[in-house]
Every structure is written in C-alpha cells, then in structure tokens.
Amino acid sequence: MSRRLRVLGVAVAALLLAGCGGLTGNGQVEPGLEVGSGRAPDLGFLPPGPGVGASQDAIVRGFLQAGAASGGVYDNARKFLTGKPVERWDPDETIVFLADDQPRTTTLLDPATVRVTARTTGRVDSGGRFTAAAAGATVSATFSLTSVGGQWRIAELPEGFGRWISQSDVPRLVQPFALHYVSTSRRATVPDVRWFPLDRLTTRLARAQLDPVPEHLVGAGTTAVPSGSRLLGDAVSVDRDGVASVNLVASRLSSDTTTRQNLWAQFLTTLTQDPTVTAVQLAVDGVAVDLDGTDGPVDSLSRIGFPAETSSASTTKPVVRRGAAVTVFDPSAGGRQQGRSGGAPGGAFPEVPAEYTHLALSADGGELAAVSASGDGLSRWRGTTRYEVPGFGTTLGAPAYDRRGFLWVGGVGDGTARLFVVDTRVDPANPEAARATAVRADWLAGRRVLQARPAADGDRIVVLSTRSDGTRPTLDLAGIVRGSGQRPERLAAPLRLAAPLTSARGLAWLDGEQLATVSGSGATARPVVLSVDGSVAGLSVLPGARDVAATGGERDLYVLTTKERLFSRSGVRWVDSGPAADLAPAAG
C-alpha cells in the first residue's frame, strides 16, 4: 500500500479504521498555491474569519475550523486572536487529529473561558513524530477570551497549541514522508519517516534534512550535511521544470567524493518524494556541489555514482510446517503444499519435531531454526542435520534471520543481555564459532523479547517485548550498529511505535515501512498493521489469532490460530487455508 493511500487510515483509536467525512465546516473555496511550494495548484479550502457579534464558543469553534485551511493560509485563523497569541501562535507546534464519528463539545466555563473536548486519534509534534491515541482517548483545550471593541477574541491559547484537524482532512493537510541518512554498513540510505504539512513541502523536507541523525538511528546511519548548516533564505525554490534548488549556508564541505555523493543522495531521495520535484540542484555557499561527470540538475542516483535502491523482495519461497513435515508454501497456488524439496542442501527440508516452536527460514532457504519446547534451546537445521546452539539464555523468543547471515533471537541471558545473534556464515559444527553473542540494548533490561525482526535493509530492527510478567507489550524501532564482518554489536535508542497495546503476539514486516502483529486474544483477537510513521490500522477480527507471517505486502498477510489453522486475506475477510503449525517466509 502506498504512503498516499495508507494515510487515509492513520491513527485509529481502538485499532479500527477511521470513518469518512467531508471538509470541516463551511468556508469559501478558492484556488491557492504558495510561491515556491513545489506543489501543483489545486482548489484550496479557506474557512471564514470571525463574524460580527459572534459568541465566545463560536469564536473558538471558528478558530479551530480555520486551522484546516489549505496551503498554510492562516490569515483568517489569526483574525480570531488578539495580543500575544497573534505573534506567538505556531500552527505546526502540535497538530491533533480528531475522530470524525463524534462532534466536538464546547463548554462556557465563565464569560471569558471556553473549553473544547473531542475524541482524538493521535497527534503530530513539532518534530513531525506521530503518536497514535489509545482507544477512546479524548483531548481538551481551554481558551481565554477578551472583548476587543465589543467583539470577542482569543487572548490566550493552551501551551503548545497548534491545530486540531478532523481525520478526514488529514490527507490534504499532513502526510508522512521519509528523511534519508546514509547507512554506516552499506552503500545505501536509511529512512526516518515523519509527518509534514503539505504547504511549502519541499522547503520543509529540505529544512528537516539538515537535522542530525535521529537517536533511534545513531550509529546505524550518518549524515553528510555539515553541522550547523542552514538554507539560504530559509527556503527552497522549485522552477517550472520541477528542479528544486537547494543552497546551503555551511562550513566548508569536504572535497571527498564519497561525502559529496552521500549529500546528493540524501537530498535527492528526500526531495523527490514531492511529486512535483523531478530533479535537484545542490550548492553550498553559492558554489555548485560538483562531481566528476555530473553537470546541472540531478534526477537519479546513478547520475552521482550512488547505487540505486533495488527490490527487497525475496525470491525464496516460504515454508509451512504441518505436524513435523516442512514443505514449500506457494502463495500463488493458494497455499497448497508443494512438496518437501527446497533450497536446503540435499534438496529437501528436514522434519522439525512438533514440540519445537517458532520456525524461521534463512534468506537463501538453506537453513531452518526453531526453539525447543522448554524455551531454553535454539536449534538449526541444514539438510537433515540438526545443530544445537550452545546454551546462552532462557525464555527464548521467536528467532528471525536477516539477509546478512545472522540469526536473531531474544532471551534472558546473564546480566542485562536480552538479545542475541548467531553467525550462520560459519561452520555450525564449530561450537565456539557458532555460539550466540549478545547484542547490546540496555533499554531492554528487565524485559522479555518475544520477537526481534530485522528489516530487509538490515539497518533497522523492530523489537516486540513485554515486562518479565508478560504485561505492557511494546514495539520499538531501532537502528542496528554493526562492527567488523557485519556483526551486530548494539542497537540504537528505541523509537516507540503505535499506541499502547494491551497485548501483542507475532511480528512480520509487510514492506520497508509497515509491520503486522496480533492484538487482543480469544474471540477479540485481530491482526493490526503498524507503520514506522507511528500510525495503526486494525484489520478484521479473527478469533484465536496467535501469530502473523507475510509473503509480500498487506494483501499477502497470513495469520495462524491457536487451533493450528492458517488463514489468508480475501478482501476484508479471512479465509481458512488449511492446517499449519508454522509459516516461515525467507528472511527479508
């Protein structure tokens, strides 16, 4: 699902998709385009200013409505304010999303004070981080008013107040976009998805790209932007041909070719997300950032000698386990059993005894892994040979391979160790070389890792963990800091994904931006889709759902139940695809 479509269902309270609705309130419609915005003209929505003799609650309602103006045109919104709020109000300070299915309520606390309450689906902070609201959450704001020439005006805004916008208005006003940093372990960029208002989008993206690497990617990504850089004129212009001109005011840029390529790659990948930007012109202190063989605007990574992003889809077919038998699973054939031959040495997958749980499949299909029934043993199968990883922890979670040859698993080890990797590139018969080593992640101390899923890029990982007693599940995104030989050494600080969940089981990447898990239990269990931008969307209830697996995007999501049945998606319905104890797609 594309980001433009996915934004329609963001931030759903109670993990249900938001309802539909029209534009908020009544207002005049006029064409609008801010010069240099980099976006095509469209019909803008401009709510009216305050009416003569408007009551206190009407003034507050009108101000909130005016925050939904298109194109960042807030002149009418400011007409509801007086004194310091006119100068201090920042519409982008905190943007609160409101549910469409319940109206706002206004209460006149006294002649000069109005409180507004509404059900919220989430909020975007001034840094562009989205936080989904818990089920049924509400938000309140209290406004102080004063009479100016016999007309009521807002004299004081709540601390940090930006805008309240209806869920139905979100797609035309605010959307998620990725900033890009350079991987420290490969020649590629690493995304950091944030939410941005759509007015002056190109400038907003360029300005945000100047920021340091976010904490959750420190060590996994770096930036080629010189420290302390700013945009000349604090803006980026976009000409009629779609060329965005970025002129940085910065300390001296390194002459190193790789650094310059990285700088180009960051701005080109980020700014061309604006559909009206087709190429980028880059300069520092008015001097073009040149590379050998590059002249004029750049429209592709290949022009600057930077490798283009390749498809992350695995060509190895997933496997399904029924009883002890492990066979190839072909989604295109309706999930029918395809026989036991596969990518394993010898051309066949071994039997994996039914008491083992959480089957995992390597990227090349040549190895399987699973956890013993006691939860304190991890085994690997190559061909028909089973290799037991020397003991390293207890209460092991579900294992997962990455594409760089490492097997990840959570567990409780010595001290604060909660996450481990096994180097599958070495001889598994060598107990010293094939032992599990701890990956430092101090923020996991005292928690139980149910599953850690590396993204296909190998630079990021999402960790599903709970308290030691199984409560308070969290999903955290963190960068993977790798050392020599690509070995994972530690995780960066966590970035919390989604609203608080009462329960979560299973974890699967659908693509580079979306994941799935199971929330609830028993008759109320349902798969949910989460995005790295913080949004959450619930799918149809599937009683007994206990785990998820994905062989592609959201449409290729599968769910396993407590009765060892496998379900696939058919529209909004779940279809029984037969018995299965495990479904294991290849890593990545």
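**View 1. Arg 460 sits in strand 29 of this predicted model.** Start with a single residue: Arg 460 belongs to strand 29, which covers residues 460-467. Is Arg 460 buried or exposed? Arg 460 counts as buried, because its relative accessibility is 4% and buried means under 20%. Now follow its side chain, which reaches the backbone oxygen of Gly 512 at 3.0 Å.

**View 2. Strands 33, 34, 35 and 36 make an open sheet.** The 4 strands are arranged in the order 33-34-35-36, and their pairing is antiparallel. Which strands lie at the edges? They are strand 33 (505-509) and strand 36 (536-538), each of which pairs on one side only. On average, neighbouring strands of this sheet are turned by 20° against each other, direction ignored. Look next at where strand 33 meets strand 34 (residues 514-519): the two run antiparallel and are joined by 3 bridges. One pair to find here is Arg 505 with its bridge partner Val 518 in strand 34.

**View 3. Helix 6 is largely enclosed by the rest of the structure.** This helix spans residues 201-209, and 8 of its 9 residues are buried, so the rest of the structure largely encloses it. Among the buried residues are Leu 201, Arg 204, Leu 205 and Gln 209. What do the buried residues of helix 6 pack against? Their neighbours include strand 10 (174-183), strand 11 (189-197), strand 15 (243-249) and helix 7 (257-271).

**View 4. Strand 5 is mostly covered.** Of the 12 residues in strand 5 (residues 113-124), 9 are buried. Strand 4 (residues 105-110) pairs with strand 5 in the antiparallel sense over 5 bridges, and Leu 108 has Val 114 in strand 5 as its bridge partner. These two strands form a hairpin, with 2 residues between them. Strand 5 also runs antiparallel to strand 7 (residues 138-148), with 7 bridges joining them; here Arg 119 has Thr 138 as its bridge partner.

**View 5. Gly 122 of strand 5 stands opposite Phe 97 and also opposite Ala 132.** Strand 3 (residues 95-98) is joined to strand 5 by 4 bridges, and the two run antiparallel. Strand 6 (residues 130-132) also runs antiparallel to strand 5, with 3 bridges between them. How many residues lie between strand 5 and strand 6 in their hairpin? There are 5, and Gly 128 in the turn has a positive phi of about 90°.

Definitions and conventions: Residues are numbered from 1 along each chain as its sequence is written. This is a predicted model: local features need pLDDT of at least 70, side-chain atom pairs count only at pLDDT 80 or more; totals for chains, interfaces and linings use all residues. Side-chain values use heavy atoms; hydrogens and water are left out. Buried means under 20% relative accessible area, exposed over 50%, partly exposed in between (1.4 Å probe, protein chains only). A polar contact is a pair of N or O atoms within 3.5 Å; within protein, one must be able to donate a hydrogen and the other to accept it, and residues adjacent in sequence count only if both atoms are side-chain atoms. Two strands pair if DSSP finds at least two bridges between them. Axes are lines fitted to C-alpha atoms, for helices over the stretch in contact, and angles run from 0 to 180 degrees between N-to-C directions. Contact means heavy atoms within 4.5 Å.
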